[in-house]
Amino acid sequence: MLVRVVASSINPVDDKTREGAIGEGAPPLPMTLGWDLAGVVVDGGGSGLRAGERVIAMSHQLSSGRGTWADLVALPARAVAAAPRSVSMAEAATLPLAGLTAVQTLNWLAVEAGERLLIAGAAGAVGGLALQIARARGVKVDALVSRDAQAAFAREHGAEVVTADRDALQRHAYDAVFDTFGAFVTEAVADGGRYASIATQAGPVPDLSSRGVRSTVHQVREDGAGLGELVKLVDGGALRLRVHASFGLHEIRDAHVRLREGKLAGKIAFLF
Ligand SMILES: NC(=O)c1ccc[n+]([C@@H]2O[C@H](COP(=O)([O-])OP(=O)(O)OC[C@H]3O[C@@H](n4cnc5c(N)ncnc54)[C@H](OP(=O)(O)O)[C@@H]3O)[C@@H](O)[C@H]2O)c1
């Protein structure tokens, strides 16, 4: 499919790739950055999506070299979904990478209604979406956060116990732990539980097999059908997207600087 990009967002991986921190896994220079897009179909190929329709997609930039920070992006139809109707294109552009990471990791953790899940970084881009999706599935969620504003967000979105003190976490209490920043709060997971990290650069999860705990470092995959499920949650009101600040494409440098400054309440979006 060929898509004209209207909006994108910055993810931590873009910052790391720009800085050269990815190492051997990065595409060769010159490369185009960007994983997220919200845009308009120019040519739907055989996808069933027609020219002019609004769509979103995640492009796995590191493995394909196919960056989304371009006026036109050609990508496989299986990576694309119709955009949510209830939000702006800037908001929609914050969903693909963070949303797919959240839902794929929750699916690996296989947390069910009534089970207890701890999310480390529950007010971050991925953690904030994982919190909302897990609550929509009836999971009981507790949150490890970094500051007061994040605690308020986590409580507002249904987290029960919210703390910034990792030593205050109950020991061996959680059926599953979703670790978004390499907290490695392994004492919190129950024997026989599941522990998933997405903090690739923090390295592997310590071996917990002696306690019967399964663990993984999840790597996000392109998945248009998964995006379609996320879009339903957005349009159904179960998933709120947060834009901390929006920039124009000509201000992309400022947008990167803002991401670096941290203390965000939502994502950095930018408009073409
Ligand atoms: N493996 C994959 O496929 C994959 C996919 C997506 C993302 N990632 C990686 O996952 C990480 C999170 O991504 P993101 O987009 O969600 O980033 P993000 O929006 O910055 O979220 C990280 C969250 O963790 C919090 N945090 C950091 N250190 C903390 C600490 N010591 N105690 C409590 N909270 C802490 C941050 O709080 P502050 O804002 O206060 O710092 C922030 O809310 C990044 O490293 C990213 O590269 C990996």
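This is a short tour of a predicted model, moving from the ligand to its pocket, then to a cavity and two backbone details.

**Stop 1: the ligand**

Select the ligand and show what surrounds it. The shell around the ligand holds 20 residues. Lys16, Ser146, Arg147, Gln150 and His218 are the closest of them. Now colour the shell by residue type. Nine of its residues are nonpolar, nine are polar and two are charged.

Which helices each supply at least two residues of this shell? They are helix 1 (12-19), helix 4 (96-109) and helix 5 (125-136). Show these three as ribbons and keep them on screen.

**Stop 2: three atom pairs**

Zoom in on lysine 16. A polar atom of its side chain is 2.7 Å from an oxygen atom of the ligand. Turn next to histidine 218. Here the backbone takes part: one of its polar atoms is 2.8 Å from a nitrogen atom of the ligand. Then pick threonine 180. A polar backbone atom of threonine 180 lies 3.5 Å from an oxygen atom of the ligand. How much of the ligand does the protein cover? On its own, the ligand has 920 Å² of accessible area, and the protein covers 73% of that.

**Stop 3: the largest pocket**

Hide the ligand and look at the space it takes. That space is the largest pocket. About 1300 Å³ lies inside the pocket. Its lining is made of 44 residues. To find the centre, select Pro12, Lys16, Val126, Thr180 and Ile198, the lining residues that lie nearest to it. Two of these names will be familiar: Lys16 has the side-chain atom 2.7 Å from the ligand, and Thr180 has the backbone atom at 3.5 Å.

Bring back the ribbons. Helix 1, helix 4, helix 5 and strand 13 (267-271) are the elements that give two or more residues to the pocket lining. Helix 1 gives the most, with four residues. By type, the lining of the largest pocket has 22 nonpolar residues, 16 polar ones and six charged ones.

**Stop 4: a cavity**

How many cavities of 30 Å³ or more are there? The count comes to one. The largest cavity has a volume of about 90 Å³. To frame it, select its lining: Thr94, Ala98, Ala125, Gly128, Leu129, Gln132, Phe153, Arg240, Leu241, Arg242, Gly266 and Lys267. Helix 5 makes the largest share of this lining, with four residues. Helix 5 also supplies at least two residues of the shell around the ligand. The cavity lining divides into five nonpolar, four polar and three charged residues.

**Stop 5: two backbone details**

Go to proline 30. Proline 30 sits in the loop between helix 1 and strand 2 (36-43). Look at the peptide bond that joins leucine 29 to proline 30: the bond is cis, with omega near -5°.

Finish at histidine 172. Where is it found? Histidine 172 belongs to the loop between strand 8 (162-163) and strand 9 (174-179). Check its backbone angles: phi is positive, at about 50°, although histidine 172 is not a glycine.

How values were computed: Residues numbered from 1 in each chain as written. Predicted model: local features only at pLDDT ≥ 70, side-chain atom pairs only at ≥ 80, totals over all residues. Heavy atoms only, no water. Near = heavy atom within 4 Å. Polar contact = N/O pair within 3.5 Å; in protein donor to acceptor, adjacent residues only side chain to side chain. Areas by Shrake-Rupley, 256 points an atom, 1.4 Å probe, with all protein chains shown as cover. 1 Å grid on protein atoms, 1.4 Å probe; cavity = no way out; pocket = protein on both sides within 12 Å on 5 of 7 lines; lining within 4 Å. Sits in = over half its atoms within 2 Å of the grid points. Nonpolar A, V, L, I, M, F, W, Y, C, P; charged D, E, K, R; others polar. Points joined across faces, edges and corners; volume = space filled by probe spheres on them.
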